[in-house]
Amino acid sequence: MRSLGNRTVLYQQSVATALGLYNNDFLSIDILHEKGPITAGELSKLTGLTTGSVTALIDRLEKTGFVQRQPDPQDRRKVIIVPLYENNEDVSRIYLQLHAEMLKLASFYSDEELALITKFLGQASAVLEDQIHHLHSSARNKS
């Protein structure tokens, strides 16, 4: 798992570099892609970045066309950050190659094996999410 995690981080850094982005910026784009439209405060909690850093990050991402600010329909005082990830041809081009290779890899496994792998990866993601929250809480308590 650690090796896979390392390769994932290195791949993500390579994608960020290929897109001309900082790694934290690209990580935030991926989080937005996964979570969908969220507030800047929610993005701050998910990334561990300060609200000031998130504001500057959103400014950069909006300028490069990766996100868009929209008024929150529930609370006009808030702004929702909407990912425009899927509209970016460079991102699609990069991930299409990874997607094709992963499909090729998956073709070697039965449906039952893929179901087990999917279940394991989902549970592993949940464990990692819990650990991230634990580490963020510990860091805040030390401050």
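This report covers the overall build of a predicted model, then three residues and a nonpolar surface patch.

**Overall build**

The protein has six helices and three strands. Along the sequence, these run α-α-β-α-α-β-β-α-α. Along the principal axes, the C-alpha atoms fill a box of roughly 50 × 40 × 30 Å. Of the 143 residues, 24% are buried. Contacts between residues at least 6 apart in sequence were also sorted by separation: 45% of them join residues at least 24 apart.

The exposed area of the protein is about 10,400 Å². Carbon and sulfur atoms supply 56% of that area. On the charge side, there are 15 positive and 17 negative charges. Their mean positions lie 9 Å apart.

**Three residues**

The table sets out the place and accessibility of Thr39, Leu21 and Met1.

| Residue | Place | Relative accessible area |
|---|---|---|
| Thr39 | strand β1 (residues 38-39) | 14%, buried |
| Leu21 | loop between α1 (2-18) and α2 (23-35) | 13%, buried |
| Met1 | segment before α1 | 56%, exposed |

Thr39 counts as buried because its relative accessible area is 14%, and the cut-off is under 20%. Beyond its neighbours within four places in sequence, Thr39 is in contact with Lys78, Val79, Ile80 and Ile81.

Leu21 sits in a loop. Is Leu21 buried or exposed? Its relative accessibility is 13%, so Leu21 is buried. Setting aside residues up to four places away in sequence, Leu21 touches Ala16, Phe26, Ile29, Thr64 and Phe66. Leu21 can also be set against Arg60: the two are 39 residues apart in sequence, and their C-alpha atoms are 9.3 Å apart in space.

Met1 falls on the other side of the scale. With a relative accessible area of 56%, Met1 passes the cut-off of over 50% and therefore counts as exposed.

**The nonpolar patch**

Met1 also belongs to a nonpolar surface patch of about 930 Å². The other members are Leu4, Met102, Leu105, Phe108, Tyr109, Ile117, Phe120 and Leu121. Which elements give two or more residues to this patch? They are α5 (89-106) and α6 (111-142). Helix α6 provides the largest share, three residues. Met1 itself comes from the segment before α1.

Notes. Residues are numbered from 1 along each chain as its sequence is written. This is a predicted model: local features need pLDDT of at least 70, side-chain atom pairs count only at pLDDT 80 or more; totals for chains, interfaces and linings use all residues. Side-chain values use heavy atoms; hydrogens and water are left out. Helices (H or I, at least four residues) and strands (E, at least two) are DSSP runs, numbered from the N terminus. Buried means under 20% relative accessible area, exposed over 50%, partly exposed in between (1.4 Å probe, protein chains only). Contact means heavy atoms within 4.5 Å. Patches are made of residues with over 30% relative accessible area and no salt bridge: like charges are joined within 9 Å, nonpolar side chains (Val, Leu, Ile, Met, Phe, Trp, Tyr) within 5 Å. Accessible areas come from the Shrake-Rupley method with a 1.4 Å probe; for residues, only the protein chains shown count as cover. A salt bridge is a side-chain nitrogen of Lys or Arg within 4 Å of a carboxyl oxygen of Asp or Glu. Lys and Arg count as positive and Asp and Glu as negative; His and the chain ends are not counted. The place of a charge is taken as NZ of Lys, CZ of Arg, CG of Asp or CD of Glu.
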